Amino acid sequence: MVTESDAARREDARHCAWCGRRLPDNGRIGRPRRYCAQPCRQRAYERRAAVQRGGLPEDAVVLSSGELADLQDRLFQLRCAAEDVATAAADGASEEELRRLAEELVDTARGLERLR
């Protein structure tokens, strides 16, 4: 039997602040984990130290050129998917076709949400 608190806990899953992997929910008492493992904790520390040395604001986001290119590619895919929906609607596409294109648009947007 699943209780309300179990269901709420599953919906409120926590993720590693560095790599984005889902953190295990072992019901521990105390401060919640922020990282899935020591290497992620170390990378986060190194990033914070580099940001402080570089004089960047605390909330600065630093991307490599490869990460930036990947993000730009995914944004382009999202725009193309949105344009496909708009074009199909303007051309009088069937409801089923519009539904399929809208689902593709949602899938593309979900993929964009994952930055890591």
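What does the cover over the buried residues of α4 include? It includes α3, with contact taken as heavy atoms within 4.5 Å. Buried here means under 20% relative accessible area, exposed means over 50%, and partly exposed is whatever lies in between (1.4 Å probe, protein chains only). This is a predicted model, so local features need pLDDT of at least 70 and side-chain atom pairs count only at pLDDT 80 or more, while totals for chains, interfaces and linings use all residues. Residues are numbered from 1 along each chain as its sequence is written, and side-chain values use heavy atoms, with hydrogens and water left out.

**The chain overall**

- You're looking at 4 helices and 0 strands, where helices (H or I, at least four residues) and strands (E, at least two) are DSSP runs numbered from the N terminus.
- Along the sequence, that reads as α-α-α-α.
- Of the 116 residues in the chain, 13% count as buried.
- Take the contacts with a separation of 6 or more: 31% of them are between residues 24 or more positions apart.
- The accessible surface adds up to about 9400 Å², and carbon and sulfur atoms own 51% of that; areas come from the Shrake-Rupley method with a 1.4 Å probe, and for residues only the protein chains shown count as cover.

**Helix α2 and what follows**

- Helix α2 has 17 residues and reaches 24 Å from its first C-alpha to its last, close to the 24 Å expected at 1.5 Å a residue; the expected span is 1.5 Å times one less than the number of residues.
- Its buried residues include Cys40, Ala44, Ala49 and Val51.
- Just after α2 sits glycine 55, with a positive phi of about 75°.
- Leucine 63 is in the loop between α2 (38-54) and α3 (65-90), and at a relative accessible area of 44% this leucine is partly exposed.
- Leu63 also joins Val61 and Leu68 in a nonpolar surface patch of about 280 Å².
- For the record, patches are built from residues with over 30% relative accessible area and no salt bridge, joining like charges within 9 Å and nonpolar side chains (Val, Leu, Ile, Met, Phe, Trp, Tyr) within 5 Å.

**Helix α4, inside and out**

- Helix α4 (residues 95-113) has 19 residues, which should span 27 Å at 1.5 Å a residue, and its end C-alpha atoms are indeed 27 Å apart.
- Leu101, Gly111 and Leu112 are buried in α4.
- Looking down the axis of α4, the buried residues fall within an arc of 105°, so they line one face of the helix; the arc is that of the directions from the helix axis to the C-beta atoms.
- Turn to the face away from the buried side and you'll find the exposed residues Glu95, Glu96, Asp107 and Glu113.
- Alanine 109 belongs to α4 too, and at 30% relative accessibility it counts as partly exposed.
- The C-alpha of alanine 109 is 8.9 Å from that of glutamine 77, although the two are 32 residues apart along the chain.

**Salt bridges**

- Side chains of opposite charge can pair when their charged atoms come close.
- The structure holds 8 salt bridges, each one a side-chain nitrogen of Lys or Arg within 4 Å of a carboxyl oxygen of Asp or Glu.
- In one of them, glutamate 83 pairs with arginine 79, and the closest N and O atoms are 2.7 Å apart.
- Those two are 4 residues apart in α3, so about one helical turn separates glutamate 83 from arginine 79.
- Glutamate 83 is partly exposed at 38% relative accessibility, and arginine 79 is partly exposed at 44%.
- Over in α4, arginine 100 and glutamate 104 are 4 residues apart, or about one helical turn, and their salt bridge has its closest N and O atoms at 2.4 Å.
- Arginine 100 is partly exposed, with a relative accessible area of 36%, and glutamate 104 is partly exposed with 36%.
- Glutamate 96 forms a salt bridge with arginine 99, with 3.3 Å between the closest N and O atoms; they are 3 residues apart in α4, so the separation is about one helical turn.
- Glutamate 96 counts as exposed at 52% relative accessibility, whereas arginine 99 is partly exposed at 39%.
- Glu96 and Arg99 are also linked with Glu95 in a network of salt bridges.
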